[in-house]
Amino acid sequence: MQQEALSFLSSSFPSLHHNFPTLSRLRFHNFPALSFKPNTSSSSLFKSPDFPSLSSTTTTTETLESSIHEKLIYLDSLGIDFLTLINRHPPLLSTALSAVESVVDYMTTPPINFTLQDFRRLVSMCPELLTSPLTSHTIPVITFLLREVGVDSIFDLRQALRRRPRLLACSVDHQLRPTLYFLQRIGILDPHKHTYLLSCSVEHKLVPRIDFFEKLGFSRRSATAMFKRFPQLFNYSIAENYEPKLKYLMVEMGRDVREVLEFPQYFSFSLENRIKPRHEACAAKGVRFPLPVMLKTNEAGFRDTLEVCCDSSPPLKTSRLVTVQKILDL
């Protein structure tokens, strides 16, 4: 499996006139045929087309400008930069002010009751919130999270939305519910703790990450078990996280790839700031810790454990080395 995994990782890096009618068509297009009785009235022959009056066009433009100006003033009163938002989300221009006000009222008053500061952050990360229909979209998302996902309280709901505002832009039927069913099917039975995953595409994000570990040589069952044990693993990039960390694990550290089956949290640690320095410190002392012991302890605890391990005298019962098994059991 080790050679197969290394082979897989190695292969993974490496003109205007065409818009006008012809002269023959143009000659008779706007004039009656010869078999028709000609109308001698020049006024009817060259009658001007019906264009909207200048006054009605001006009125429409003024109304639109007034609507935009009102939204600008309203959002500015909330501390929201309207011009920045419309650059990122142009549909806001055509959204009625009353609809925007309804969303703001719903999200910032009981029972949802976001603070204005939190609401501004939600909008900055998910401007679709201001243009989504309140009754047919936003309220169903909130209801889904509380009833089907099992978010325990309004407090937990606010926490979930603060962490992943994009949930508010997702369709319940086409995104949130299918992802919920997928997570439950692979054994993640507490989705209310992992609501940030519900906005992820099953086909384009979740399944490809399981497939990646299958291609390393793991069975489907083993690969799925990793994600069941550590669902945050779905959030990490294959190219920027999985591949470089696995390459370092197998090539530089000389470890078996199967170690990540038992400790998928390995991928949550920084390669440059935690994994490499800890490995190099162990290598310099000639010791080899299990991954959880090497990575999970804080810096002081790690240095203490390293020094005790290298001491020729047996460790005291109060030593951190005695607690290694407890750490492994976490």
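Trainee: Where is Pro111 found?
Mentor: In a loop. Pro111 sits between α6 (97-108) and α7 (116-125). Keep in mind that this is a predicted model.

Trainee: What kind of peptide bond joins Pro110 and Pro111?
Mentor: A cis one. Omega is about 5° there.

Trainee: What about Asn113, where does that lie?
Mentor: Asn113 lies in the loop between α6 and α7. Look at its backbone too. Asn113 is not a glycine, yet its phi is positive, about 60°.

Trainee: How accessible is Asn113?
Mentor: Asn113 has a relative accessible area of 38%. The band for partly exposed runs between 20% and 50%, so Asn113 belongs there.

Trainee: Zooming out. How many helices and strands are in the protein chain?
Mentor: The chain has 18 helices and zero strands.

Trainee: And how much of the chain is buried?
Mentor: Buried residues account for 38% of the 330 residues.

Trainee: What about the surface, how much area does the chain expose?
Mentor: About 19600 Å². Carbon and sulfur atoms supply 55% of that area.

Trainee: Which residues make the nonpolar surface patch?
Mentor: Leu72, Ile73 and Leu83 make it, and the patch covers about 260 Å². Take Ile73 from that group. Ile73 is part of helix α4, which spans residues 54-77.

Trainee: Why can Ile73 count towards a patch?
Mentor: Patch residues need over 30% relative accessible area, and Ile73 has 47%. That value makes Ile73 partly exposed.

Trainee: New topic. How many disulfides does the structure hold?
Mentor: Zero.

Trainee: Take Cys126. Why is there no bond to Cys170?
Mentor: Distance. The closest cysteine sulfur to that of Cys126 is in Cys170, 7.9 Å away. A disulfide needs the sulfur atoms within 2.5 Å, so 7.9 Å is too far.

Trainee: Is Cys126 buried or exposed?
Mentor: Buried, at 1% relative accessibility. Cys309, by contrast, is partly exposed, at 33%.

Trainee: Last one, Thr195. Where does that lie?
Mentor: Thr195 is in the loop between α10 (172-185) and α11 (202-215).

Trainee: A loop residue, then. Buried or exposed?
Mentor: Thr195 counts as buried, because its relative accessibility is 5% and the cut-off is under 20%.

Trainee: Which residues is Thr195 in contact with?
Mentor: Set aside neighbours within four places in sequence. Then Thr195 is in contact with Val149, Val151, Ala160 and Leu167.

Notes
Residues are numbered from 1 along each chain as its sequence is written. This is a predicted model: local features need pLDDT of at least 70, side-chain atom pairs count only at pLDDT 80 or more; totals for chains, interfaces and linings use all residues. Side-chain values use heavy atoms; hydrogens and water are left out. Patches are made of residues with over 30% relative accessible area and no salt bridge: like charges are joined within 9 Å, nonpolar side chains (Val, Leu, Ile, Met, Phe, Trp, Tyr) within 5 Å. Accessible areas come from the Shrake-Rupley method with a 1.4 Å probe; for residues, only the protein chains shown count as cover. A salt bridge is a side-chain nitrogen of Lys or Arg within 4 Å of a carboxyl oxygen of Asp or Glu. Helices (H or I, at least four residues) and strands (E, at least two) are DSSP runs, numbered from the N terminus. Buried means under 20% relative accessible area, exposed over 50%, partly exposed in between (1.4 Å probe, protein chains only). Contact means heavy atoms within 4.5 Å.
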